[in-house]
Amino acid sequence: MKIMVIAAHPRLAESRANRALLSEWKKNGQVLVRDLYQEYPDYQIDVQREQELLLEFERIVFQFPFYWYSCPPLLKKWFDEVLVYGWAFGPEGVHLKGKEFLVATTAGGTEKSYRSGGDNFYTISELLRPIERTLTKCNGTFLPAFVVYDANQATDEILAQEAKRCAEHVQTSLNVLSH
Ligand SMILES: Cc1cc2nc3c(=O)[nH]c(=O)nc-3n(C[C@H](O)[C@H](O)[C@H](O)COP(=O)(O)O)c2cc1C
């Protein structure tokens, strides 16, 4: 399966968790991994190129640090500009039909905090619903997210293990992930 990872971290130089995920990807020749902030430091997204790339891949992974219960701003801008009416949705917007989308995110909060009654009240799946609905409105399938919890406290060893688990999750088939 052709997989593209779109990573979006505004301060990758200071990152530990997302960098760990990216270094695992570097060992994997099968997956195209892109760094949105490196490609578009001026926020000027090449929409046509992004749409062409989406057509080439079957599974698209959005990898980002969880920021205010959502994604960093350049990725939001990417959704706004790339997933447009007439291309991604609407009567003629059929180009993403059948594509699989997946979020891989890192969170400062613990797993226990992301539940009813916990510090963050909601699960990450619940908080990802705007992204989920964006992608299902574009006729895509939204697969279960991979989350690294408590990312700032994790040791390098734990982050390396999480990165391996993430790569496995991302490459697991639809049937196994969604049953
Ligand atoms: C602006 C900002 C907003 C954040 N919002 C959240 C949040 O809503 N929930 C959460 O669990 N962590 C939040 N964090 C913590 C980051 O998710 C965490 O530091 C990051 O995932 C660690 O990954 P990294 O080492 O790749 O930067 C926030 C951090 C920043 C800088």
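In the classification used here, Ala, Val, Leu, Ile, Met, Phe, Trp, Tyr, Cys and Pro count as nonpolar, Asp, Glu, Lys and Arg as charged, and the others, Gly among them, as polar. On this basis, the shell around the ligand in the predicted model is made up of eight nonpolar, seven polar and one charged residues. The shell comprises 16 residues, of which His9, Ser15, Phe66, Thr106 and Tyr114 come nearest to the ligand. Oxygen atoms of the ligand take part in several polar approaches. A polar side-chain atom of Tyr114 lies 2.6 Å from an oxygen atom of the ligand, a polar backbone atom of Ala17 is found 2.9 Å from an oxygen atom of the ligand, and an N or O atom in the side chain of Asn152 is 3.1 Å from an oxygen atom of the ligand. Of the 630 Å² of accessible area that the ligand has on its own, 76% is covered by the protein.

The protein that surrounds this ligand contains eight helices and six strands, which follow one another along the sequence in the pattern β-α-β-α-α-β-α-β-α-α-β-β-α-α. Its radius of gyration is 16 Å, close to the 16 Å that the globule rule gives for 179 residues, and the protein is therefore as compact as a globular protein of that length. Taken along the principal axes, the box filled by the C-alpha atoms is roughly 45 × 35 × 35 Å. Buried residues account for 47% of the 179 residues, and the protein exposes about 9,600 Å², of which carbon and sulfur atoms supply 50%. Among contacts between residues at least 6 apart in sequence, 76% join residues at least 24 apart.

Helix 1, which spans residues 17-26, has seven of its ten residues buried and is therefore largely enclosed by the rest of the structure. The buried residues are Ala17, Asn18, Ala20, Leu21, Leu22, Glu24 and Trp25; Ala17, in this set, is also the residue whose backbone supplies a polar atom 2.9 Å from an oxygen atom of the ligand. The cover over the buried residues of helix 1 includes strand 1 (3-7), strand 2 (31-35), strand 3, strand 4 (100-106), strand 6 (146-148) and helix 7 (156-170).

Within strand 3 (residues 59-65), Gln63 provides a residue-level view of this packing. Gln63 counts as buried because its relative accessibility is 1%, against a cut-off of under 20% for that class. Its side chain is joined to that of Trp25 by a polar contact of 3.4 Å. Leaving aside residues up to four places away in sequence, Gln63 touches Asn18, Leu21, Leu22 and Trp25, and also Val5, Ile6, Ala7, Ala8 and Ala104.

Phe66, one of the residues that come nearest to the ligand, lies in the loop between strand 3 and helix 4 (73-82). With a relative accessible area of 11%, Phe66 is buried. Not counting residues up to four places away in sequence, Phe66 touches Thr105, Thr106, Ala107, Tyr114, Ile124, Leu127 and Leu128, and this list includes Thr106 and Tyr114, which are likewise named among the residues nearest the ligand. The C-alpha atoms of Phe66 and Gly29, 37 residues apart along the chain, are separated by 26 Å.

Thr105, a contact partner of Phe66, belongs to strand 4 and, at 0% relative accessibility, counts as buried. The side chain of Thr105 reaches the backbone nitrogen of Phe66 at 3.3 Å. Beyond Phe66, and again without residues up to four places away in sequence, Thr105 touches Phe64, Pro65, Ile124, Phe146, Val147 and Val148.

Backbone geometry merits a comment at two tyrosines. Most residues other than glycine have a negative phi. Tyr43, however, has a positive phi near 65°, and Tyr69 likewise has a positive phi, of about 60°. Tyr43 is located in the loop between helix 2 (36-39) and helix 3 (47-56), whereas Tyr69 is located in the loop between strand 3 and helix 4, the loop that also holds Phe66. Both count as partly exposed, Tyr43 at 29% relative accessibility and Tyr69 at 36%.

How values were computed: Residues numbered from 1 in each chain as written. Predicted model: local features only at pLDDT ≥ 70, side-chain atom pairs only at ≥ 80, totals over all residues. Heavy atoms only, no water. Near = heavy atom within 4 Å. Polar contact = N/O pair within 3.5 Å; in protein donor to acceptor, adjacent residues only side chain to side chain. Areas by Shrake-Rupley, 256 points an atom, 1.4 Å probe, with all protein chains shown as cover. Helix = DSSP H or I, 4+ residues; strand = E, 2+ residues; numbered from the N terminus. Buried < 20%, exposed > 50% of the residue type's maximum accessible area, 1.4 Å probe, protein only. Contact = heavy atoms within 4.5 Å. Rg over C-alpha atoms; globule rule 2.2 N^0.38 Å.
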